[in-house]
Amino acid sequence: MIQVVSVVGYLVLAPFLGALLDGADRIVSARMQGRKGPPLLQPFYDLAKLFSKQMLAVNNAQLFLNLSYLVFLAVAGCMLFAGADILMSLFILSTADMFLVMAAASDSSPYSSMGASREMLQMMAYEPMTLLLAVGFYLATGSFHVGDIIEMPVSPILMLPGVLVGFFFITAIKLRKSPFDLSTSHHAHQEMVKGITTEMAGPTLAIMNIAEYYEMILMLGVMALFFLNSSWWSWPVAIAACLLLFFLETLWDNVSARVKWKTLLKSCWIVTLLAGGLNILILMLIR
């Protein structure tokens with residue numbers, strides 16, 4: 001029964017919570033830059049405006065691929081919040097990213113094509129860390145199942161501090177924040193305009209935004225796993241830790257400039273090896 005409530009809650013509430021976090025992110029970013037910023041509910045106004053526009057797509061495949069991206073993200077999140085296999089959830093998350101790449105590459109726009117290529121590069125950068133994440137949880141708790149992980153007597157963060165550092169690093173890529181907003185960004189401030197979303201408009205772009213909100217809550221849910229255990233007080237601690245980490249991602253976004261793709265690959269692999277890899281190696285030695 002709890003699993004059903006968690007799945008329904010994720011499907012219904014994730015877009016709203018993601019939009020609220022997006023609104024808060026815009027306000028905090030504006031204040032960091034000395035601006036007032038938009039209202040908290042601005043993402044909802046943007047979605048309403050996009051859905052009110054005429055349905056336009058470069059081709060018939062783009063809308064289908066965008067919907068597939070949304071569906072696979074929803075499925076990945078449902079598996080996580082239902083307490084299922086985290087390895088399978090992360091695998092479905094990677095599959096969802098492939099649909100996004102195909103959606104961007106389905107039209108002839110040079111900006112979208114470049115964005116699709118850079119999205120593939122980003123996947124090459126962060127996928128090793130997602131694999132180490134699942135392995136780390138297994139070594140720390142003895143199970144890939146989220147339900148077993150949150151029932152452990154101690155929080156996994158005590159055994160996985162390096163893995164958390166690595167996951168925090170790649171979360172900036174997944175949330176499309178500087179310095180890793182190579183394939184697209186929330187602002188048209190790069191040479192590719194909007195990258196993979198350049199040719200998306202109206203309801204098609206709204207679907208893309210909703211999918212990003214699902215992914216945002218999914219990533220925060222994975223972060224929460226580091227702090228959850230069988231004690232009731234671990235839940236408010238996990239929520240507070242997720243909000244703090246989200247704020248740090250916003251701070252990082254506003255104090256750093258976008259890097260080149262070679263720097264992205266090198267930095268991600270170095271962090272994956274030093275933070276995640278060494279943490280996993282130590283766990284394997286002490287088991």
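K174 is buried in this predicted model, with a relative accessibility of 8%. Its side chain forms a salt bridge with D97, and the closest N and O atoms of the two residues are 2.6 Å apart. This pair links distant parts of the chain, since K174 belongs to helix α7, residues 161-174, and D97 to helix α4, residues 86-105, with the two positions 77 residues apart in the numbering. D97 has a relative accessibility of 1%, and therefore counts as buried as well.

Let me turn to another pair. E119 and R176 meet through their side chains in a salt bridge, at 3.1 Å from N to O. E119 lies in helix α5, residues 110-141, whereas R176 lies in the loop between α7 and α8, so the salt bridge ties together parts that are 57 residues apart in sequence. Are these two partners buried or exposed? E119 is buried, at 2% relative accessibility. R176 is buried too, at 5%.

Salt bridges that share partners also join D22, R26 and D46 into one network. Within that network, D22 forms a salt bridge with R26, with the closest N and O atoms 3.2 Å apart. Both residues lie in helix α1, residues 2-32, where they are four residues apart, about one turn of the helix. D22 counts as buried because its relative accessibility is 11%, below the 20% cut-off. R26, by contrast, has a relative accessible area of 28% and is therefore partly exposed. In total, the model contains seven salt bridges.

I now come to the packing of two helices. Two packed helices are described by the angle between their axes and the distance between those axes. Helix α8 covers residues 202-225, and helix α9 covers residues 234-255. How do α8 and α9 pack, and at what angle? Their axes are 9 Å apart, and the angle is about 125°. The two helices are therefore oblique to each other, since that angle falls outside the ranges for roughly parallel, antiparallel or perpendicular. The crossing of α8 and α9 is right-handed.

Which residues of α8 and α9 meet? On the α8 side they are M216, L220, M223 and A224. On the α9 side they are A238, C242, L245, F246 and E249. By class, this contact has eight nonpolar residues, no polar residues and one charged residue.

Technical notes. Residues are numbered from 1 along each chain as its sequence is written. This is a predicted model: local features need pLDDT of at least 70, side-chain atom pairs count only at pLDDT 80 or more; totals for chains, interfaces and linings use all residues. Side-chain values use heavy atoms; hydrogens and water are left out. A salt bridge is a side-chain nitrogen of Lys or Arg within 4 Å of a carboxyl oxygen of Asp or Glu. Buried means under 20% relative accessible area, exposed over 50%, partly exposed in between (1.4 Å probe, protein chains only). Axes are lines fitted to C-alpha atoms, for helices over the stretch in contact, and angles run from 0 to 180 degrees between N-to-C directions. Angles under 35 degrees count as roughly parallel, over 145 as roughly antiparallel, 65 to 115 as roughly perpendicular and the rest as oblique. A crossing is left-handed if the near helix is turned anticlockwise from the far one by less than a right angle, and right-handed if clockwise. Contact means heavy atoms within 4.5 Å. Ala, Val, Leu, Ile, Met, Phe, Trp, Tyr, Cys and Pro count as nonpolar, Asp, Glu, Lys and Arg as charged, and the others, Gly among them, as polar.
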